[in-house]
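Work through the exercises below with the sequence and the 3D view open. Try each task before you read its solution.

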Amino acid sequence: MLEYIIIFGTISGLIYALIALGFTLVYGISGMANLTHGVFFVIGAYLYGVFSSYLSQLISPTFFYLIPVFAMISSFVLTGIIGSVFYRVTLHQILGDEVGILIASICGCIIFQQLIYIIMGTTAAFSFRIELLVPGKITLMNTDVLAGQSLAALISLLAFIVLSVFISKTKTGRAMKALSQDLEAAMLVGISTEKLYMFTTAISAGLASLAGILYTSTITEGVTSYMWMLGLAISFTVVILGGLGSIKGSLVGGLILGFTGTAAIKILPEAGVLQQSIPFIVIILVLIIRPKGLFGKRVEME
Amino acid sequence: MPINTFAKYFRKVYTNFATHIYDVPPRMLAFLILIIFTIVPYAGIEPRRLDILTSANLMAILAVSWDLLVGRTGLISLGHALFYGVGAYSSAILFKYFQWPIWVTIPLSLIAGVGMALIIGTPCLRMKGPYLALVTMAFPIAIVGFLYYFRDIFGGEVGIQRLPRVFTIPPFSLNERYVANYYLSLVLLALSSIIIYKIATSKTGIVFVSILDDELGSKACGINVTKYKLMSFAISGLFGSLAGSLYAHMLGGSATPRYFYDNTALIPIENSIVPIIVTILGGIGTIYGPIIGTYIYFLLNRYVFENLIQIDPHIQLLVFISIVVLLVVKWPRGIARTIVEKLEDLEEPREIEEIEKEKTKKVEKG
């Protein structure tokens, strides 16, 4: 029982954390709550499906393990481009206007949802089965885990490590950090905010697409165009648990959500209908107790 | 010179229009529009089609209440369907368990709406911007889970069916019921928008705007921000739940989770998104804007796109949402507001400034 909760809570928690990572990155750097994050989660999963079915015709079956890798990379890049273009065309024009950004970005979610529906149709297709890549089971702490699920968790952990190394070691990453600490000073040193915001949005959208691919590989039902609500809900919850704008916080928040979700379903199986509401209920409870999130910064006076 | 005479004639007509029609005070104009809408049922529209206008009127009430909360007070709400659903469910439950008549349950559902607004408003007082948006969006979806969980009370996915309709008493035939529904919704829209407009232009409304402009500043001026924010939530919840319970008893005939959040609809959060669309179309922060926006939306959506040019509903929605994004980015003042402001600017720009000065003086005194 406890082992089950620990193992599956960690796996789902790492994936939840990855879903929220891009959202918190953008908020930390530009102070903008880009709600379109939820829809890039879905776009990523769909693009992965398209690319993998296309690549399976090109690549010979002996190198089948190359298909998901290439499809994942191309989905990451393409979603990133879509995300930064959408940001540049709409949200960048109204950067200071908080209400405008919230409305425009939620409308952006619906635009992409409708585009996906119109292009792809009703079929809830493309569920990437990561088990095909690494078949079999692993026994961890007397619990059987699918090897694919643990691979998905490992990939999301890897994404976290790569991102934190990128931010602390490279020049662009340090510029991003500087921008989040002091906007005016960063501009004074010669950092181009416009380019960097676009780049951050691109990375955030790419991370969302990666999260979408991994999340859909661990669930049984396929992807649908309105799943952006779920992606958005999970990233909200994680970010609120961990505090908006902190990368470590989103890891902690994801793990908390993973443990509570797994425990709730294991302990109260008849509450399965409440499953879709769990993230929302957690959001409400946490925000009532601590309005800035568990690890968020304190309210600063203007 | 025929062109010259034509130009002269045109000029005469234009000056006539500019001096006489523009000078009609806004109240008269609103009254004229109301009269036009009163004649509508006798203008050869099939009675069954009146239901579209009825639902437009109810959506306009919801949109106006959203506008008071977001456009005037600056408390962003992405889940206004909450009040719509609370209104519908509370009157439905009162009917189911106590068998009370509609004229008792609908007013009581308003109290439930105010109560819900205070429940959601109290924790939201400490939040700002994105946090507030997240919580208001989360509330209706979380509530739908509870509706499914407490199946015995709320009826699960089916909801509470077979509610009494407003005009089912024998003297009304089916066709008369459509007309009566239309008139009731029109009267209630007029009443609630007048009440909200009066609130928005009163001293309280000016305090709301001051919270939107500068919360810290209005706090420093000695305004009890908490009280006014809760008041805005309560007024908004009252009219939102009015729209919801009326919809359940007029057109829906049932209270289902659909009012809050619908997994099968085009947009899962339809009742929360449509008020946003229509308010942006009309102009956020005005009270008349959402009403004009609602009529534009419903006429385009239900008459033009369904009958004249047949477009797939998914593409319709795409068109509307793209227009909204375009308006937010390029023309943030909305259609109706821009037109009205241009007209006012043409007329007497000084007077507006004077009115604003008087308003600020009032605030300073009070």
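**Confidence and numbering**

Chain B has an average pLDDT (the predictor's confidence in each residue, from 0 to 100) of 82, and 88% of its residues score at least 70. For the complex, the predictor gives an ipTM of 0.80 and a pTM of 0.84. This is a predicted model, in which local features need pLDDT of at least 70, side-chain atom pairs count only at pLDDT 80 or more, and totals for chains, interfaces and linings use all residues. Residues are numbered from 1 along each chain as its sequence is written, while chains are lettered from A and ligands numbered from 1 in the order in which they are written.

**Exercise 1. Check the span of helix α11 of chain A.**

Step 1. Helices are DSSP runs of H or I with at least four residues, strands are runs of E with at least two, and both are numbered from the N terminus. Helix α11(A) covers residues 278-289, which is 12 residues.

Step 2. The expected span is 1.5 Å times one less than the number of residues. For α11(A) this gives 16 Å; the end C-alpha atoms are 17 Å apart, which agrees.

Step 3. A residue is buried if 20 or more other C-beta atoms lie within 10 Å of its own, exposed if 12 or fewer, and partly exposed in between, with C-beta atoms placed from the backbone. The buried residues of α11(A) include P279(A), F280(A) and L287(A).

Step 4. Among the elements that cover these buried residues are α9 and α10 of chain A and α5 and α6 of chain B.

**Exercise 2. Do the same for helix α14 of chain B.**

Step 1. Helix α14(B) has 18 residues, 313-330, and reaches 25 Å from its first C-alpha to its last, close to the 26 Å expected.

Step 2. Its buried residues include L317(B), F320(B), I321(B) and V328(B).

Step 3. The buried residues of α14(B) pack against α4 of chain A, together with α12 and α13 of chain B.

**Exercise 3. Describe the side of chain B that touches chain A.**

Step 1. Two residues are in contact if their C-beta atoms, placed from the backbone, lie within 7 Å. By this rule, 38 residues of chain B are in contact with 36 residues of chain A.

Step 2. On this side of chain B, α6, α12 and α14 each supply at least two residues, and α6(B) gives the most, with 14 residues.
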